[in-house]
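Work through the exercises below with the sequence and the 3D view open. Try each task before reading its solution.

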Amino acid sequence: MNRIDALFTRLKAENRRALMPFLTAGDPDLATTAVLIPELVRRGANLLEIGIPYSDPVADGPVIAASYHRALVHGVRVGHIFQTLRTLRAEGDEAVRDTPLISMVSYSIVNRMGVDRYLNDAATAGLDGLIVPDLPVEESARLQEKATRRDLKLIQLITPTTPRARAVEIARLTTGFIYYVSVAGITGERKALPKDLKDNVAWLRTQTDLPICIGFGISSPEQVHELASVADGLIVGSALVRRLADAANRPRADLVKEVGDFIGSLAEALGGVEGSQAAGSAARPAQ
């Protein structure tokens, strides 16, 4: 079974939610990324999104865009990232080997490498799926078919401004889980999340049996705790990447501990919630 499916099956049985940190690969360097992944798993991360840096991110705010720039300036390339992940899968402990890894990647990179080569390299590196934010769902069939053939999930995004008929179609064509974007706009920390966010997710849950994970704007234990009652997973990106940037000049051990402490605080907040709507427990009407 694909590690993403196995994770959500297990968490549903345990009435738990997934904590899903986002890391930019190679920021501040790949050696630190290789240390951070097992540390975040040890601190409570259930799934990790690995950002593949590129020069013109379309939906990422200034914090993640700057991390991409730093990684590219330092010469980080896709092949280096895959080799780092391949080594982690081979040499990591059981928890690291069992934790799903997903690449967040621009289609420009996939297309430049060639779809087959990218997917083959991703699969052999131990990735379990990919998110391609700049690939419209209407143009994703070829990539979806090739990814499925390699047991890789192609996770699609739904936003607050997605028309409902289109959201249903995106949900139908998604595998693994649905990435629900909490706010209209780019990534980044928010002090407050939209008031209709829970209602939107609750409606989406009536349209699909897939896990629904919320990302964009989530940055605090309080927000994680609040949303755990409606989501199957919470994705935290900019808040983590900012901490990495702020601590970039400190010794690696201090940086890893600070980011690990942050993820640990989110995991603790997430663990204290007994959700009743998440994990597919809401009834879905006949389609």
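Two exercises on this predicted model follow.

**Exercise 1. Place strand β8 among its neighbours.**
Which strands pair with β8, and in which sense?

Solution.
- Step 1. Find β8 at residues 212-215. Ile212 and Ile214 point one way, while Cys213 and Gly215 point the other way. All of these residues are buried.
- Step 2. Look at strand β7, residues 178-181. Four bridges join β7 to β8, and the two strands run parallel. Take Ile178 as a landmark: Ile212 of β8 stands opposite this residue.
- Step 3. Turn to strand β9, residues 233-236. Two bridges link β9 with β8, again in the parallel sense. Here Leu234 of β9 is opposite Ile214.
- Step 4. Trace the chain from β8 to β9. The path goes through helix α11, residues 221-227. This β-α-β crossover is right-handed.

Result: β8 pairs in parallel with β7 and with β9.

**Exercise 2. Describe the setting of Glu49.**
Is Glu49 buried or exposed? Which residues does Glu49 contact beyond its neighbours within four places in sequence?

Solution.
- Step 1. Start from the record. An unreviewed UniProt entry annotates Glu49 and Asp60 as "active site".
- Step 2. Locate Glu49 in strand β2, residues 48-51.
- Step 3. Check accessibility. The cut-off for buried is under 20% relative accessible area. Glu49 has 1% relative accessibility, so Glu49 counts as buried.
- Step 4. List the contacts, leaving aside neighbours within four places in sequence. They are Pro21, Phe22, Leu23, Ile102, Met104, Ile131, Tyr179 and Ile235.

Result: Glu49 is a buried residue in β2.

Technical notes:
Residues numbered from 1 in each chain as written. Predicted model: local features only at pLDDT ≥ 70, side-chain atom pairs only at ≥ 80, totals over all residues. Heavy atoms only, no water. Buried < 20%, exposed > 50% of the residue type's maximum accessible area, 1.4 Å probe, protein only. Pairing = 2+ DSSP bridges. Right-handed = clockwise from strand over helix to strand, strands pointing away. UniProt positions renumbered as here; feature names shortened; annotations may be inferred. Contact = heavy atoms within 4.5 Å.
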